[in-house]
Amino acid sequence: MLIGFGHLFRLARAGFILAREGVFKGVDPAVLPVPAQFLLRIGNLIALPGSGDTPQALVRAFAQIGPSYVKLGQFLATRPDVVGGEIADALTALQDRMEPFGRKAAVEIIERAFGKPVEEIFLSFGDPVAAASIAQVHPARVAYPQGERKVAVKVLRPDVERQFRRDLADMYILARAAERFSAEARRLRMIQVVDTLARSVKLETDFRLEAAAASEFRDNVADDPDIRAPSVDWDRTTREVLTLEWIDGAPLSDIARVAAQGHDLKDLGRKVLQSFLRTAMRDGFFHADMHQGNLFVDKKSRLVAIDFGIMGRLGFKERRFLAEILFGFITRDYRRVAEVHFEAGYVPPIHSVEEFSQALRAIGEPLHTANAQDISMARLLTLLFEVTALFDMRTRTELVLLQKTMVVAEGVARSLDPTLNIWRTSDPVVRGWIEDNLGPKAKLEDAGKAAVEVAKFATRLPKLLGDAEAAIEMLAAAGAKGVRLSDESLEGLARARRRSDRWFMLAVVLLALLAIHWMG
């Protein structure tokens, strides 16, 4: 009962703040149950004068409720399919900034995590330089065999996990209630949204996992000329503490400083967009929080990504889907874009490819008559998801995260170069991936792999057939000595022999077809 009252109190407080900021003013009472309509009217009565149902009202409310709701807002900024594009864009500006919890508390956490004094871990350990809802960052110095180096030490905020567990339990109550009473909430899978947020928080509060993400991303981009990632100090990293290479560079959030250091802003805009697309399509592993504060420029004009708490993954199927739809819109092949949706199983076969292709043309054609600076790939994907909802395409969270990250990356690129041509900049990355993975070279490689597998199977067939024949002869000899086989057993042996014969013939046919293909 006490737990129930705790949930009610926290939810009532959150509801009061949301109502006071005017978040509910734009809600249509007709879509709500009668009891909720009454609460809505009460809530709108307490709205502050001048408040309105703008996305900024939601941003203000989340910032006041607390760090868990700030994190919820940042997460919803990646889910325009749930909150709509306008609100998602506004939530992108939600700043995760909090008062630091002080050096003393951070030292206690570090010493508890490593079981020894902080002086034995770091040569020096400074005051916090940045603080957020989950952690804060300290500068420190470490003695390595190569010499003394400066590092960034990220320390988990005290008691943060308990706070998030408590607030996530509140959010689950709301999600279950929404899905119970709203068909739209069920379509958007609100409980799954909270599930995803819970997993994200779990990953972000275990710095060993963030370290692994940073290390994997660094390995993936090791040979890239445009972007890199800081190295991880694994000896000074635990669940509560993350130690990374210190980045000396200008943040993209300070464009004046970047320009003053002599960096080419237009070239940096190209690097931001192409680096994002390259890591997403080539590696299937992309930085999903690419705002200006998480991107620096080093002395070699190379981008440096930091903060790997939110990452996105795409399987080959999703990467092929992304490449083909982008390339299809670039080349105006709308039927192919439609076919890709059906082939991937994203749109149910009850719908018509032709009708879907027509809907896609309505999205794509205006892009080819717009000025270069007015073309937005992120906007294209937003419209695409709106149209696919009309054709019963279920929410694909990995693609939605990709789309929202593209919104952020495109915004960063355009802040550096307002005239950036999105299509022209993206084309070499998209076209290159298609040629490497779907072109003639890739098909030849796939055919070669298939031939090797068939050849391996064919080499095993004589032994398999020999073993089967020997077993039948042994059984026949045993039967001659008095062991009788039932009709079912004899029929089973016959079926096994027929299957072996069919596999042998199939292998022969496949080898013959491959031979004809190579000779042709």
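# Strand partners and helix crossings

Mentor: Let's start with E3 and E4, which form a hairpin with 2 residues between them. Keep in mind that this is a predicted model.

Trainee: Got it. What makes E3 and E4 a pair?

Mentor: Count the bridges. Two strands pair if there are at least two bridges between them. Strand E3 (residues 135–144) and E4 are joined by 10 bridges, and they run antiparallel, so they pass that cut-off. For a spot to look at, find Ala 135, which stands opposite Leu 156 in E4.

Trainee: Which strand pairs with E4 over 5 bridges?

Mentor: That's E6. Strand E4 (residues 147–156) pairs with E6 in the antiparallel sense. Val 151 has Glu 245 of E6 as its bridge partner, while Val 155 is matched with Val 241 of E6.

Trainee: And why is E6 called mostly covered?

Mentor: A residue is buried when its relative accessible area is under 20%. In strand E6 (residues 241–245), 4 of the 5 residues are buried, so "mostly covered" fits. For the protein as a whole, 44% of the 520 residues count as buried.

Trainee: Now the sheet with the order E5-E10-E9-E7. What makes E5 and E7 its edge strands?

Mentor: This is an open sheet of 4 strands with mixed pairing. Strand E5 (227–228) and strand E7 (250–251) each pair on one side only, and that puts them at the edges. Inside the order, strand E9 (residues 295–297) and strand E10 (residues 303–305) run antiparallel with 3 bridges. Leu 295 stands opposite Ala 305 in E10.

Trainee: Which helix packs on that sheet?

Mentor: Helix H13 (residues 265–283), which touches E5, E9 and E10. The direction of H13 makes about 45 degrees with that of E10.

Trainee: H13 also meets H19. How do you know whether to call those two helices roughly parallel or oblique?

Mentor: Look at the angle. The axes of H13 and helix H19 (residues 422–438) cross at roughly 25 degrees and come within 10 Å. Angles under 35 degrees count as roughly parallel, so H13 and H19 are roughly parallel to each other. Their crossing is right-handed.

Trainee: Which residues of H13 and H19 meet there?

Mentor: Among them are Arg 270, Leu 273 and Leu 277 in H13, with Ile 422, Val 429 and Trp 433 in H19. By class, this contact of H13 with H19 has 8 nonpolar, 3 polar and 3 charged residues.

Trainee: Try me on H15 and H16. Why are they called oblique?

Mentor: Helix H15 (residues 334–343) and helix H16 (residues 353–364) have axes that come within 8 Å and cross at roughly 125 degrees. Roughly perpendicular covers 65 to 115, and roughly antiparallel needs over 145. An angle of roughly 125 degrees fits neither of these, so H15 and H16 are oblique to each other. H15 passes H16 in a right-handed crossing.

Trainee: What makes up the contact between H15 and H16?

Mentor: On H15 you'll find Tyr 334, Val 337 and Phe 342, among others, and the H16 side includes Phe 356, Leu 360 and Arg 361. The residues of this contact of H15 with H16 divide into 7 nonpolar, 3 polar and 4 charged.

Trainee: How many helices and strands does the protein have?

Mentor: There are 21 helices and 11 strands.

Methods: Residues numbered from 1 in each chain as written. Predicted model: local features only at pLDDT ≥ 70, side-chain atom pairs only at ≥ 80, totals over all residues. Heavy atoms only, no water. Axes fitted to C-alpha atoms, helices over the stretch in contact; angles between N-to-C directions. Left-handed = near helix turned anticlockwise from the far one by under 90°. Contact = heavy atoms within 4.5 Å. Nonpolar A, V, L, I, M, F, W, Y, C, P; charged D, E, K, R; others polar. Buried < 20%, exposed > 50% of the residue type's maximum accessible area, 1.4 Å probe, protein only.
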